[in-house]
Amino acid sequence: MRSFFRIRKGQVLPYRLLVYILICSSFFTIIGTSVQLYMEYRSDVSEIRKGMGQIEQSYLNTIAASLWDINIDHVKIQLEGALKLPGMRYLEVVEMSFGAVEPVATVGTMPSNNNIIERVFPLTHVVDGKRMDVGQLKAVAGLDNVFNRLRMRVFVVLLTQGVKTFLVAMFILVIIHYMVTRHLQTMAEYAQEMDITKLDRRLVLNRRRKNRKPDEIDRVVQAFNEMRLNLIRDIAERKRAEEALKESNMIVEKSPVVLFKWRNEAGWPVELVSQNVSQLGLSADDFLSGRLKYIDVIHPEDLERVEAEVSHYVDYGVDHFLQTYRIIDLTGRVYWLEESKVIVRDSDGTVTSFLGIAYDATERVVAETELGRLRNLLKNTIDSMPTVLVGVDENIRINQWNRSAEEETGRAFEEVKGAPLLDCFPQLAEEMGLIEESLDRLEVLEKNKIPFNFDGEVQYKNIKIYPLLGSDEGRGAVILLDDVTMKSRLEDMMIQTEKMMSVGGLAAGMAHEINNPLGAVLSGVQGTERRLSPSLSKNMEVASELGLDLNVVHEYLDRRGILGYLRGISDAGRRAARIVRNMLEFSRKSESSRAVMNVKGILEKALSLAGNDYDLKKKYDFKTIDIRRDYEQGLPQVSITETEIEQVFLNIFKNAAQAMADKEYDEERPCITLRTRRDGAFVMIEVEDNGPGMPEDIRKRVFEPFYTTKRVGLGTGLGLSVSYFIITRNHDGEFLVESEPGKGSKFTIRLPAVSAQG
C-alpha cells in the first residue's frame with residue numbers, strides 16, 4: 001500500500017489520517033445503525049401493540065358471548081384467529097362466573113423468557129341491559145422474532161457500512177495524500193534542506209495549475225517563498241548590522257564615550273562596559289569579573305548625592321536623565337564624569353538595571369569652575385563698586401545691573417533686564433542725547449553734577465558713558481553714575497566754613513574792639529560809685545570843702561534810683577564782658593587741647609552760650625524754656641576738649657529750642673532736663689526735652705551728614721553729624737538718641753571717666 005500510494009518511509013500523517021477516518025466513520029456508522037435498529041424495533045413493537053388493540057376491539061365481545069353461552073369450542077376458534085396476529089405467542093381465557101380461576105381455553109405456547117408483551121383484557125357480557133363480568137382474556141406476544149431479525153439486520157448493516165467506510169477512508173486518504181500530504185512532505189524536505197547557502201532555490205510543488213484558483217497550499221508555498229526572501233533580507237541586514245556594530249564598537253573604543261550597564265543590586269555590579277574605560281584609569285576586566293563594582297569608583301563626597309538623585313528619578317518614573325559627578329581611578333586620580341543614564345524596567349515596572357553613556361568632563365568642569373569663579377569675581381567687583389553701573393544695548397535697553405543700581409532703584413536685575421533705561425532712571429531723560437551720541441561716535445562722554453530728585457531729596461550725580469568696542473552682541477555702552485552729593489555738599493560746606501572762619505575772625509576782632517570801650521564803661525561806672533560812696537574819706541573831704549553833705553547826696557541818689565542805674569550798668573558790663581570772653585574762647589578752636597574737667601561746668605557754660613544766642617533771636621527765646629537740672633554728686637571728671645564738647649551741647653540745646661518752638665503747649669511749658677549719672681567706667685549725660693519728638697524714619701537719620709528737617713536757611717544738617725563725630729571719634733564715647741512723636745526726644749552721651757582710663 002505504501003508503494004501504491006507512494007507513501008515514503010517515515011511518514012506518519014497518512015496512517016494517522018487513516019486511523020482517524022476509520023474511527024470517525026465507525027463511530028458514525030454505529031450511531032446510524034443504532035438509530036436505524038431502534039426505529040425498526042419501535043416499528044415491530046408498534047405492530048404488536050396494534051394487534052393487542054385489534055384483539056380488544058374485534059375479539060373481546062365475541063369471546064365473552066361464547067363464554068356466557070359456554071361454547072368453549074367457539075372460544076378456541078376465536079383464540080386461534082387472534083393467535084395469527086403479529087407476534088402473538090399465547091392466548092388464555094379464564095372463566096370467573098362461578099368463582100373458578102382455571103383457564104377454560106388456551107392456544108399457543110407461553111414463551112420461556114422475559115422478552116414478551118403481556119396484556120389482560122376483562123370479558124363482560126350484557127344481559128337485560130346489565131353488564132356482567134364473565135372472565136378475562138390474557139394475551140402474550142413474544143419479541144424473540146423481533147430480536148432475531150434485528151440481529152441479522154445489525155450484521156448486514158455493519159458489514160455493508162464497514163466496507164463502505166473502509167473504501168471511503170481509503171479514497172479520502174488517496175485524496176488527502178494527493179492534495180495535501182505529498183505537498184507537505186515536499187515542503188518538509190524543502191525546510192530540512194534549507195540553508196543559508198541554498199536560499200536562492202524557490203519552493204515549487206508538483207500541482208496542476210491550469211484554470212485553478214490559489215488555495216491554502218499555494219498560500220503556504222507563497223509564505224515559504226516570502227519567508228525565504230525575508231530571511232535573505234534579514235541576513236543581509238544582519239550582516240550590515242554586524243558590520244555597523246563592529247564599526248560602532250571600533251568607534252566607541254576609539255571615542256571618549258564609555259558605555260556602562262550595571263544591575264540594580266547592592267553595589268551596582270557591572271554587566272557591560274566598553275574597553276575604552278581604560279582612558280579613565282580603570283580596567284574592564286575588573287568590572288566584569290566582579291572585583292570592582294560601579295559604586296566603588298564614585299567619589300565618596302558625591303556618592304550620597306548620586307544615589308539620592310537616582311532614587312528620586314526611579315520613584316517619579318523618569319527613565320532618562322543626566323548626572324555629573326566625580327570618580328576615582330585605581331591610582332587615586334579624580335575625574336569628572338558627565339553621564340546620560342537610562343533606567344531599564346521589566347514588564348511589572350521594576351527597575352532591573354541602568355545604562356550609562358559617560359565621558360570625561362574634567363577639563364570642561366574645571367574650565368566652567370574657573371569661568372564661574374572669574375564671573376563671580378567680576379560680578380563681585382562690579383557689585384562692590386559704590387558707583388551705579390548700568391549696561392545698555394544699542395536700543396538703550398538694560399543688559400547689565402550692579403548692586404549699587406539695585407540699591408539705588410530698589411529693583412533687582414531680573415526685574416529690569418531688557419527694560420528701557422528711562423523706565424528705571426527717568427531723571428536721565430535729558431541725557432539721552434549724550435548717551436546716543438556716545439554710541440554713535442564711539443567716544444567716552446561725561447557730564448557732571450546732574451541733579452536727581454529722590455523722594456523730594458535732591459542728589460547730584462556724575463554720568464560717564466563708555467561705548468562697547470568690538471562687541472559680538474552689537475553696539476552697547478556702560479553707564480556709570482557717581483553720587484557726588486556728599487562731595488558737592490562738602491564743597492558747599494568748605495565755602496560755608498571759609499565764610500564762618502571769616503565771620504569767626506571778624507567776631508574775635510569785634511570782641512577785642514568791644515572789650516576796650518566796655519572796659520572804659522566798667523572803669524567809669526566803678527569810679528563813679530567809688531566817688532559817690534560816703535565810706536571814702538577823700539569823698540567826705542571834698543564834699544565838706546564844697547559845703548555838701550555827702551550822706552544826703554548819697555541818700556538822694558539812692559532814692560532817685562541813680563545808684564541802682566549805676567549798679568545795673570556795672571552788672572550789664574560785666575555780663576557783656578563774660579559773653580565776649582566766651583565768644584573768644586569758642587572761636588579759638590585751634591588753640592583747644594584736652595583737659596580734665598567736670599561735665600557740670602561744661603553744661604552750665606553751654607547753657608549760658610545758648611541763652612545768650614537766643615536772646616538775640618526774635619522767634620526763639622531761650623529764657624522762656626525751663627531748665628531742670630538733675631546732677632549726681634561726686635561724679636568723676638572726664639578728659640575732653642572743652643570747646644568741642646561745648647559745641648556738642650550747644651547744638652543739642654539749639655536743636656531742642658528750635659523743635660520746641662514748633663510745638664503748641666497748653667498748660668505745660670517748654671522744658672529741657674539735664675541729667676548726669678555715673679555708668680560704670682563712663683559718665684553719662686542725658687539732655688531730654690518735651691518737644692514734638694521724631695518719627696522712627698527721622699530718628700534713624702539724625703546723625704547723617706546734611707540730613708535736616710529744618711526749613712531752608714535754618715540748618716545745614718551738619719550739627720548733629722559733627723557732634724556724633726566729636727563724641728565717638730575724638731572722645732571714644734557713645735552718642736544715642738531716643739524719641740517718640742509727641743513725647744519729646746532724649747540724647748544720651750557717654751564719655752570715659754578719668755579714673756577708668758588707662
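Begin the tour by selecting K447, a residue that is partly exposed, with a relative accessible area of 37%; here buried means under 20% relative accessible area, exposed over 50%, and partly exposed in between, with a 1.4 Å probe and protein chains only as cover. What you are looking at is a predicted model, in which local features need pLDDT of at least 70 and side-chain atom pairs count only at pLDDT 80 or more, while totals for chains, interfaces and linings use all residues. Residues are numbered from 1 along each chain as its sequence is written, and side-chain values use heavy atoms, with hydrogens and water left out.

**Salt bridges**

Now add E431 to the selection, and you will see that its side chain meets that of K447 in a salt bridge, with 3.2 Å from N to O; the term stands for a side-chain nitrogen of Lys or Arg within 4 Å of a carboxyl oxygen of Asp or Glu. E431 lies in the loop between α12 (421-424) and α13 (432-441), whereas K447 belongs to strand β12 (residues 445-454), so the pair ties together parts that are 16 residues apart in sequence. Helices (H or I, at least four residues) and strands (E, at least two) are DSSP runs, numbered from the N terminus. Is E431 buried or exposed? At 3% relative accessibility, E431 counts as buried.

Next, select E688 and R675, whose closest N and O atoms are 3.4 Å apart in a salt bridge. This pair links distant parts of the chain, with E688 in strand β19 (residues 682-689) and R675 in strand β18 (residues 671-679), 13 residues apart. E688 counts as partly exposed at 28% relative accessibility, while R675 is buried, with a relative accessible area of 19%.

Then move to R263 and E265, which form a salt bridge with the closest N and O atoms 3.2 Å apart. R263 is partly exposed, with a relative accessible area of 27%, and E265 is partly exposed too, with a value of 44%.

Finally for this topic, select E301, D302, R305, E309 and R326 together, since these residues are linked in a network of salt bridges. The count for the model comes to 33 salt bridges.

**The sheet of four strands**

Turn to strands β1 to β4, which form an open sheet in the order β2-β1-β4-β3 with antiparallel pairing; two strands pair if DSSP finds at least two bridges between them. Why is one side of β2 (103-108) and of β3 (116-127) left without a neighbour in the sheet? These strands stand at the edges, each with a single partner strand, and therefore one side of each remains free of a neighbour in the sheet. If you colour β3 and β4 (residues 130-142), you can follow their antiparallel pairing over 12 bridges, and along it I117 stands opposite A141 in β4. Helix α3 (residues 72-83) packs on this sheet, touching β1 (88-95), β2 and β4, and its direction makes about 30 degrees with that of β2. Contact means heavy atoms within 4.5 Å, and angles run from 0 to 180 degrees between N-to-C directions of lines fitted to C-alpha atoms, for helices over the stretch in contact.

**The sheet of five strands**

Select strands β5 to β9, which make an open sheet in the order β6-β5-β9-β8-β7, again with antiparallel pairing. Its edge strands are β6 (270-273) and β7 (320-328), each of which pairs on one side only. Neighbouring strands of this sheet are turned by 25 degrees against each other on average, direction ignored. Within it, β8 (residues 334-345) and β9 (residues 351-360) pair in the antiparallel sense over nine bridges, and I343 stands opposite F354 in β9. Two helices can now be added: α8 (residues 300-315) packs on the sheet, touching β7, β8 and β9, with its direction at about 165 degrees to that of β7. Helix α9 (residues 362-384) also packs on the sheet and touches β7, β8 and β9, but its direction makes about 115 degrees with that of β8.

**The whole model**

Zoom out to end the tour. The secondary structure comes to 21 helices and 21 strands, and buried residues make up 35% of the 758 residues in the protein. Among contacts between residues at least 6 apart in sequence, 57% join residues at least 24 apart.
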